[in-house]
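Work through the following exercises with the sequence and the model at hand. Try each task before you read its solution.

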Amino acid sequence: MILLIEPISKNIDMYVPAYPLPVMEIASFVKSNSPETEIEVISVPMDYGLPLSPEGRDHVYDELMRDLSAIKPKGIGISCTAIAQAEETIHLCERIKETGPDIFIFLGGYFPTIYYNDIFSRTSAVDLIVIGEGEVPALKIIKKLEKGEDPRDNGIYNLAWKKNGKVHITEKGVRFDLNKKALLNLGLLRHPGAYDVLPYSFSRGCPYRCNFCMEDYIRPTRKAVPREIIESDLKNLSQQNNARILLVSDALFKSFDLFPLFRSLGIKVNFETRCDIFNPLLIPKIADVCSALALGFESASYGTLKRMNKVKDRAHYQRYLSNTVAIFKEAAKYEIPIMVFMIAGYPGDTEEDLAESLAFAKGLSKDSGSGGHVFKIGECRVYPKTRLYDFAKSSPDTIFDDDGAFGQNIVRQPSESLDFQTILAYMEDIFNLSNNSKKLQLALLDIMPFFRLPPHAFNDNVIPERCFRSKKSNGILDVRSESLSIFKKLLPDLIGKYSRLMSGQRSTRNLPF
């Protein structure tokens with residue numbers, strides 16, 4: 001038996017009740033190419049509960065370890081796609097090795113791809129790391145494990161491991177051929193009907209080299225999934241699961257010609273787009289199928305956008321702003337909820353840069369409609385081995401928490417004249433310009449039911465026992481569809497009670513592990 005696991009994320013407000021797409025892609029590819037392989041996908045939050053405290057986490061892991069002792073898997077692959085999962089991934093690996101020292105553990109995802117050296121320096125519980133796309137390497141790793149062979153130093157490309165104090169890296173392979181992508185097999189999940197959201201990638205990669213983005217390190221060019229595979233996949237998914245909320249996972253979504261297919265399947269779509277790429281004239285054609293639209297806006301300041309490598313020159317900047325306004329107005333006209341992603345306190349920022357973003361947000365808010373909008377603004381974080389990190393280190397007046405790969409790395413002073421308290425004040429002002437309409441609330445309930453809630457909100461007396469696994473005192477939330485539907489009915493009251501805490505920095509919404 002081979003297990004592929006989605007770990008817990010500390011960032012509870014961004015939790016999405018969706019099957020873990022990265023490991024589903026890999027597990028489905030392995031099963032398609034090796035039908036005899038016994039493989040199962042585990043989502044720790046869905047299958048064991050979402051812990052809200054250290055005690056709850058220990059209870060979840062104790063239950064998982066008992067299952068591992070019974071299953072006795074030959075290998076376990078763990079996907080770590082977000083920095084908020086990194087420490088939990090390490091903790092999980094160490095618990096697994098304590099339970100079964102002979103279980104072969106391999107990691108993949110954005111974080112291990114970039115920070116494999118940091119992982120190997122932090123723990124000896126990881127046997128192998130897949131660098132980049134994982135389908136083909138994972139299939140070869142699993143084939144070796146099934147034969148009782150060690151997959152390290154065995155001619156498999158895109159791998160890293162540590163031996164005798166030295167990190168070894170194999171040859172870099174070619175990008176995965178999306179013509180060979182397998183159809184997603186929800187039968188590999190323990191509870192395929194418990195997920196409310198269907199995540200899907202219509203393409204991989206992005207050609208835009210934004211300084212804060214990690215996509216460039218894995219897939220610097222965009223490659224589309226063939227249409228015939230997409231059509232078969234979506235039809236297959238609609239038969240395997242009753243969920244009809246599609247969350248597009250693309251770095252750059254362009255597949256608007258597929259909206260008639262979505263319409264025929266009764267699917268509602270949530271997608272993110274660039275402000276300078278998306279054509280607002282498409283909105284009337286997709287409005288009946290689009291349940292929410294996210295704009296990767298970041299800032300209204302030319303200086304900030306230039307430092308981010310989001311705009312090339314002043315002319316591009318003017319198009320960027322004017323197209324954002326056009327998208328916002330058209331979405332408001334057709335009552336589509338809008339999320340506007342923004343970053344506050346980017347290295348080099350002054351208060352004037354933040355004032356430009358605030359003024360622009362005020363202007364947008366005047367055009368808001370019944371669809372509502374939210375300004376999802378957060379403080380800037382600078383992670384090692386990125387272009388943003390190099391830029392911040394070379395800026396003499398920028399001060400940030402240089403915490404390493406596992407840290408928060410928050411920018412405390414973007415420039416000599418701008419302090420962190422001023423940044424937080426602007427974040428609050430901009431967030432409070434959001435229009436939390438009924439339609440926006442419903443859209444967020446579908447895709448991010450815990451959006452911006454602080455962890456202590458889940459201890460509120462209004463939440464009944466049946467929203468938890470076993471009992472409330474265990475501090476383990478039940479995020480399966482039936483239980484989550486009960487919680488969603490309580491959310492308007494919780495938002496009203498904790499609204500003053502929803503504009504703070506991200507760490508206020510991290511689980512206290």
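**Exercise 1: a serine in a helix**

The place of S365 is in helix α14, where helices (H or I, at least four residues) and strands (E, at least two) are DSSP runs, numbered from the N terminus. This is a predicted model, in which local features need pLDDT of at least 70 and side-chain atom pairs count only at pLDDT 80 or more, while totals for chains, interfaces and linings use all residues. Residues are numbered from 1 along each chain as its sequence is written, and side-chain values use heavy atoms, with hydrogens and water left out.

Task: decide why S365 counts as buried, and find which residues S365 is in contact with.

Step 1. The relative accessible area of S365 is 18%, and therefore S365 is buried; the term buried means under 20% relative accessible area, exposed means over 50%, and partly exposed lies in between (1.4 Å probe, protein chains only).

Step 2. Once neighbours within four places in sequence are left aside, S365 is in contact with H373, F375 and L433, where contact means heavy atoms within 4.5 Å.

**Exercise 2: helix α13**

Task: compare the reach of α13 with its expected span, and describe what its buried residues pack against.

Step 1. Helix α13 covers residues 314-333, which makes 20 residues. The expected span of a helix is 1.5 Å times one less than its number of residues, and the 29 Å from the first C-alpha of α13 to its last is close to the expected 28 Å.

Step 2. The buried residues of α13 include H316, Y317, Y320, L321, N323 and T324, and further along the helix I327, F328, E330, A331 and A332 are buried as well. An α-helix has 3.6 residues a turn, so residues three or four places apart point the same way.

Step 3. The partners of these buried residues include the helices α11 (283-286), α12 (302-308) and α14 (351-365), together with the strands β14 (290-298), β15 (338-344) and β16 (373-379).

Step 4. At the N-terminal end, D313 caps α13, with a side-chain oxygen 3.2 Å from the backbone nitrogen of A315. Just after α13, E335 takes a positive phi of about 60°.

**Exercise 3: R95 and its partners**

Task: find which residues R95 touches, and which of them is joined to R95 by a polar contact between side chains.

Step 1. R95 is found in helix α4 (residues 86-99) and is buried because its relative accessible area is 16%.

Step 2. Not counting residues up to four places away in sequence, R95 touches D58, Y61, D62 and M65. The C-alpha atoms of R95 and D58 are separated by 10.0 Å, although the two residues are 37 residues apart along the chain.

Step 3. The side chains of R95 and D62 are joined by a polar contact of 2.8 Å. A polar contact is a pair of N or O atoms within 3.5 Å; within protein, one must be able to donate a hydrogen and the other to accept it, and residues adjacent in sequence count only if both atoms are side-chain atoms.

**Exercise 4: two positive phi angles**

Task: for D153, say whether the residue is buried or exposed, and do likewise for N158.

Step 1. Most residues other than glycine have a negative phi, and most peptide bonds are trans. D153, however, has a positive phi of about 55°, and phi of N158 is near 65°.

Step 2. D153 lies in the loop between α7 and β7 (159-163), and the loop between α7 and β7 is also the place of N158.

Step 3. Because its relative accessibility is 64%, D153 counts as exposed, whereas N158, at 10% relative accessibility, counts as buried.

**Exercise 5: V225 in a loop**

Task: locate V225, and find how many residues separate V225 from K181 in sequence.

Step 1. V225 is found in the loop between β11 (223-224) and α9 (227-240), and it is buried because its relative accessible area is 5%.

Step 2. V225 and K181 are 44 residues apart in sequence, and their C-alpha atoms are 7.9 Å apart in space.

Step 3. Leaving aside neighbours within four places in sequence, the residues in contact with V225 include L178, K181, Y200 and F202.
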